[in-house]
Amino acid sequence: MTTTAGSPRAVGAVGTAHTRVEGRDKVTGAARYAGEVPFADLAHGWLVVSTVARGSVRSVESAPVLAMPGVLTVLHHGNAPRVDADYTGLLGKPDPVVALFQSDRVPCAGWPVALVVAETSEQAREAAEALVVRYETEPHDIEFAPDRPGTYTPEPRETMETGKGDLERELAASAVVVDARYSTPEEHHHPMEPHAATVRWDGGRLEVHDSNQGSKWVADELARLFSLDPASVRVLSEHIGGGFGSKGVRPHQVAAAMAATVLHRPVRVVLTRRQMFSLVGYRSPTAHRVRLGADTDGRLRAFGHDAQNLTSTVKEFVEQSAAFGRVMYDADAHRTANRLVRLDVPTPTWMRAPGEAPGSFAVESALDELAERCGIDPIELRARNEPTAGPVSGLPFAGRNLLACFEEGARRFGWAERDPRPGVRREGRWLLGTGTAAATFPAGAAPSTAAVTAQPDGTFTVRISAADIGTGARTALTLIAADALEVEPGRVQVRIGDSDFGPAMIAGGSTGTRSWAWAIMAAAAELRERLALGGDIPPEGVTARSDTSAAIAALPEKERHSYGAQFAEVAVDTTSGEVRVRRMLGIFAAGRIVNPLTARGQFVGGMTWGISMALHEEAVRDRASGAHVGPDLAGYHFAAHADVPRIEADWVDDPDADDPVGIKGIGEIGIVGAAAAIANAVWHATGVRHRDLPIRPDRVLSAGTRTGTGIGTGIGTGPDGSRRA
């Protein structure tokens, strides 16, 4: 761990490396996931999704399927239980896709149109594949393009468009101008564990074993959908095999609950990989125009970022890519805007570092172009434009150690030895280059409740509706509770993933652990006060409860963010156009690090995903059908072990003084800026800018042919522009 001079050493459990408290259960198979919980008399559901991109269901020919072995029922818009999706939940209005089988309308390919339930999963699948659904089709539109007709600024406009000063005037007065367009494709988050739910009625309560990012959140949403008393719904999510923003309220939970209601027996629904491409959200493709104007010394006079994404015709979702620059760089004129276009596609959703991941690619690539044109080192350019307060908000920063990240990263990466000229380093047929980029992500906190119980045997039990989606949150909370109680971690058991434990923040937006830790520390402090009064602990224990709503509301208004500096070295094959990342380094300022072991895994995981984003990931839709081409893990490319080189992640001290633990959040920031650092390194290697992701070999070859770099022929370009073998 990297520390700043004079910083205090971490004491107690927090700040020391601990293996996962549930690790043994996971590697031995003792940990049960939502699709593995055993139930007697369990039935299995299989969703049937539309094969047309727009229209309506004319008929569901279920009679032949009902006669097949083991089939119990076929639910569709003609016979399904009624639900009510006209409400506002924790994250706003639900996606109408969860209003399952309430209408014959089909707004996109992959829309759920029926559920086949059978005695076994194999029987359900066979029957679902045999089910004939007939449609009335209508013309569809899935074409996403910059500034196409129908593009609009969503509400509330004051958060979608921000700015100050006269952008056009400052651009005209600038000595150096960058005006460039960038794009990222449709991308998908596919956790190792598919979305699954097992549902039963138990003593008048709907019991749901589900893989999600917030058990209380899902319980409340299901209660509203089915018009139930919230106390009559219990959601359990003890072990979750990844989420990344996709595991909220989805059709599989609703389908399983419907079937359990109809059949009066437990029902399990597990989504297939192909279904996940259309039913659980994704990152929208994005289009960006970045305009930067600067004096010859690199000081920004103008900063403009217009970002555009698509959304469905049934729900509005904004990938707020323009938010990235609002806290990163100041300028005399500063304008940012997010815009949308509605198309006949499924609704996008949050995906690791929503907004910041694609936004950082555009802005940090443009900053690198500006550095090149100004003849200034990219790190020095960023230092010259370091703001002292929020560039748009004017609010003070709750710690901003971005430059410390660059300083430490540059030292460890060997940046000072870098020749700034592109195309000068070569090993055989490989051109070599290095690049860097900045990262940021908001550091939030939300009200949560927790209960801490002292047992007569000297142990403590923590209960909180947290969700460990693979991040190591359960272990981090154990360490935090141990320090708060001043006991060894082995005396603390943290129970999570049960909606009966009360309201708590979901696992998302890098706010989970910070929010849960705050609640646990408050409950632990009260418990210690009560225990200090003396007396024996009764058999049921002594319990203290907390609610951090008032404490969160009292937080002073500041710009609260984590920061980071990404560094990458790439090699580009002049014959094939293949790009290989040789090494990456990320240095982060992300608050106090609770568990260095799992924290490093989170950073490295995000950076690895950045390699995927830069070089591999790209979902493609067929214009004729409106559906995906190759919607599986064979057709959708992502980084494998062979693509992941030496990746290092570390951090500088960066505690948040307004937080009782000093946490800021680390789950998202690892991917932010990673794709830009790789793209900037590809420019340094080849002298060619790639403004569209992913940087595929065919794009490298075509760019080489277009610019005359010799890529594709095995010939490189010298620093003076001469070609050489």
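Author: Axes in this predicted model are lines fitted to C-alpha atoms, for helices over the stretch in contact, and angles run from 0 to 180 degrees between N-to-C directions.

Reader: On that basis, across which strands does helix α7 lie, and at what angle does it run to β9?

Author: Helix α7 (residues 251–263) lies across β1 (43–49), β3, β5 (112–118), β9 (196–202), β10 and β12 (267–270). Its angle to β9 is about 30°. Helix α6 (residues 215–225) lies across β10 and β11, and runs at about 145° to β11.

Reader: In what order do the strands of the open sheet stand?

Author: The order of the seven strands is β3-β5-β1-β12-β9-β10-β11, with mixed pairing. From one strand to the next, the twist averages 20°.

Reader: What makes β3 and β11 edge strands?

Author: β3 (71–76) and β11 (233–236) each have a single partner strand, so one side of each lacks a neighbour in the sheet.

Reader: How do you know that β10 and β11 pair?

Author: Pairing requires at least two bridges between the strands. Strand β10 (residues 205–210) has four bridges to β11, in the parallel sense. At one position, Glu-207 has Arg-234 in β11 as its bridge partner.

Reader: What makes the contact between Arg-105 and Glu-138 a salt bridge?

Author: The limit is 4 Å between a side-chain nitrogen of Lys or Arg and a carboxyl oxygen of Asp or Glu. The closest N and O atoms of Arg-105 and Glu-138 are 2.9 Å apart, and the pair therefore qualifies. Arg-105 is in strand β4 (residues 105–106), whereas Glu-138 is in the loop between β6 (132–137) and α4 (157–160), 33 residues apart. A search of the whole structure finds 66 salt bridges.

Reader: Why are Lys-164 and Asp-330 said to tie together parts of the chain?

Author: Their salt bridge has its closest N and O atoms 2.9 Å apart. Lys-164 belongs to strand β7 (residues 161–164) and Asp-330 to the loop between α9 (325–328) and β15 (333–343), so the link joins parts 166 residues apart in sequence.

Reader: Why is Lys-164 called partly exposed?

Author: That class runs between the buried limit, under 20%, and the exposed limit, over 50%. Lys-164 has 30% relative accessibility and therefore falls between the two. Asp-330, with 29%, is likewise partly exposed.

Reader: What makes Arg-382 count as buried?

Author: Its relative accessibility is 1%, and buried means under 20%, so Arg-382 meets the criterion. Glu-364 is buried too, at 0%. The side chains of Arg-382 and Glu-364 meet in a salt bridge of 2.8 Å, N to O. Arg-382 lies in helix α11 (residues 378–384) and Glu-364 in helix α10 (residues 356–374), so this pair ties together parts 18 residues apart in sequence.

Reader: Why is α17 described as largely enclosed by the rest of the structure?

Author: Of its 13 residues, 13 are buried, which is why the helix is described in this way. Just after α17, Gly-687 takes a positive phi of about 80°.

Reader: How do you know that the span of helix α17 agrees with expectation?

Author: At 1.5 Å a residue, the helix (residues 674–686) should span 18 Å; its end C-alpha atoms are 19 Å apart, and the two therefore agree.

Reader: Where does the pLDDT stay under 50?

Author: Residues 1–10 are one such stretch, with 14 contacts beyond four places in sequence. Residues 720–725 also have a pLDDT below 50, and this stretch has 18 contacts beyond near neighbours in sequence. Where pLDDT is low, the predicted coordinates should not be read in detail. The protein averages a pLDDT of 95, and 97% of the residues score at least 70.

Methods: Residues numbered from 1 in each chain as written. Heavy atoms only, no water. pLDDT = per-residue confidence, 0-100. Contact = heavy atoms within 4.5 Å. Expected span 1.5 Å × (residues − 1). Buried < 20%, exposed > 50% of the residue type's maximum accessible area, 1.4 Å probe, protein only.
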